Amino acid sequence: MRQLCRTFAVAALTMASIVLSTGAAAQTVAAPAAGSASATPDNEILLTIFLKHDQSRPLGELNAQLEKQGFFKAFPPKGMDVVSWTVAMGIGQVIVLRLPASRIREVNRVLEDTAWGAYRTEFYPTYDYRTTAMSQHDKAASGAAK
């Protein structure tokens with residue numbers, strides 16, 4: 001339970017920093033129309049989504065529900081880059097999207113409308129750290145080689 005609370009707190013702090021850094025905290029600013037913003041290096045985030053299967057129901061029944069609710073048509077929203085979409089056996093689907101931070105609400109709404117019932121959802125907003133981490137690695141490795 002303590003780990004769950006800690007995970008929730010980290011996710012909440014991450015979301016708050018994203019909202020504040022994008023200026024989305026100002027309530028007087030209208031959100032862009034759905035599908036109108038595209039990711040650029042200064043506004044993009046990666047969003048890791050866990051779609052956890054309802055294991056009390058057979059897969060065919062889950063897929064029929066997703067079809068009926070329009071999941072396959074609505075997700076992912078247009079203009080969002082699917083970085084990866086994998087199945088973790090025993091968990092469900094793990095999807096990583098690249099999108100502008102201003103469109104995170106759109107992803108949430110699509111999943112609320114089309115995936116709930118078949119999946120439990122978890123969201124983890126992240127950013128690409130690979131370049132920085134590899135630079136640090138290369139710097140450390142070159143210093144160790146001397």
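A salt bridge is a side-chain nitrogen of Lys or Arg within 4 Å of a carboxyl oxygen of Asp or Glu. The exercises below apply this rule to the structure above, which is a predicted model.

**Exercise 1.** Decide, from the distance between the closest N and O atoms, what Arg-98 forms with Glu-44, and find which strands hold the two residues.

*Solution.* Begin with the distance: the closest N and O atoms of Arg-98 and Glu-44 are 3.6 Å apart. The cut-off is 4 Å, and the pair is accordingly counted as a salt bridge. Next, locate the partners along the chain: Arg-98 belongs to strand β3 (residues 92-100), while Glu-44 belongs to strand β1 (residues 44-53), and the pair links distant parts of the chain, 54 residues apart.

**Exercise 2.** Work out which residues are joined with Arg-98 into one network by salt bridges that share partners.

*Solution.* Take the other salt bridge given here for Arg-98, which is formed with Asp-81, the closest N and O atoms being 2.7 Å apart. Asp-81 lies in strand β2 (residues 81-88) and Arg-98 in strand β3, so this pair ties together parts that are 17 residues apart in sequence. The pairing of the strands shows these two residues again, since Asp-81 stands opposite Arg-98 in β3. Now consider accessibility, where partly exposed covers the range between 20% and 50%: Arg-98 has a value of 23%, Glu-44 has 30% and Asp-81 has 38%, so each of them counts as partly exposed. Finally, put the bridges together: because they share partners, Glu-44, Asp-81 and Arg-98 form one network.

**Exercise 3.** Compare this with the pair Arg-103 and Glu-106, and state whether these residues are buried or exposed.

*Solution.* The side chains of Arg-103 and Glu-106 also meet in a salt bridge, with an N to O distance of 2.8 Å. Both residues are buried, which means that each has under 20% relative accessible area. In total, the count for the model comes to seven salt bridges.

**Exercise 4.** Describe the order of the strands in the sheet, and explain why one side of β2 and of β4 is left without a neighbour.

*Solution.* First write down the order, which is β2-β3-β1-β4 in an open sheet of four strands with antiparallel pairing. Then look at the ends of this order: β2 and β4 (119-126) stand at the edges and have a single partner strand each, so one side of each has no neighbour in the sheet. Neighbouring strands are turned by 20° against each other on average, direction ignored. As a last step, add helix α4 (residues 104-114), which packs on the sheet and touches β1, β3 and β4, its direction making about 15° with that of β1.

Terms used
Residues numbered from 1 in each chain as written. Predicted model: local features only at pLDDT ≥ 70, side-chain atom pairs only at ≥ 80, totals over all residues. Heavy atoms only, no water. Buried < 20%, exposed > 50% of the residue type's maximum accessible area, 1.4 Å probe, protein only. Pairing = 2+ DSSP bridges. Axes fitted to C-alpha atoms, helices over the stretch in contact; angles between N-to-C directions. Contact = heavy atoms within 4.5 Å.
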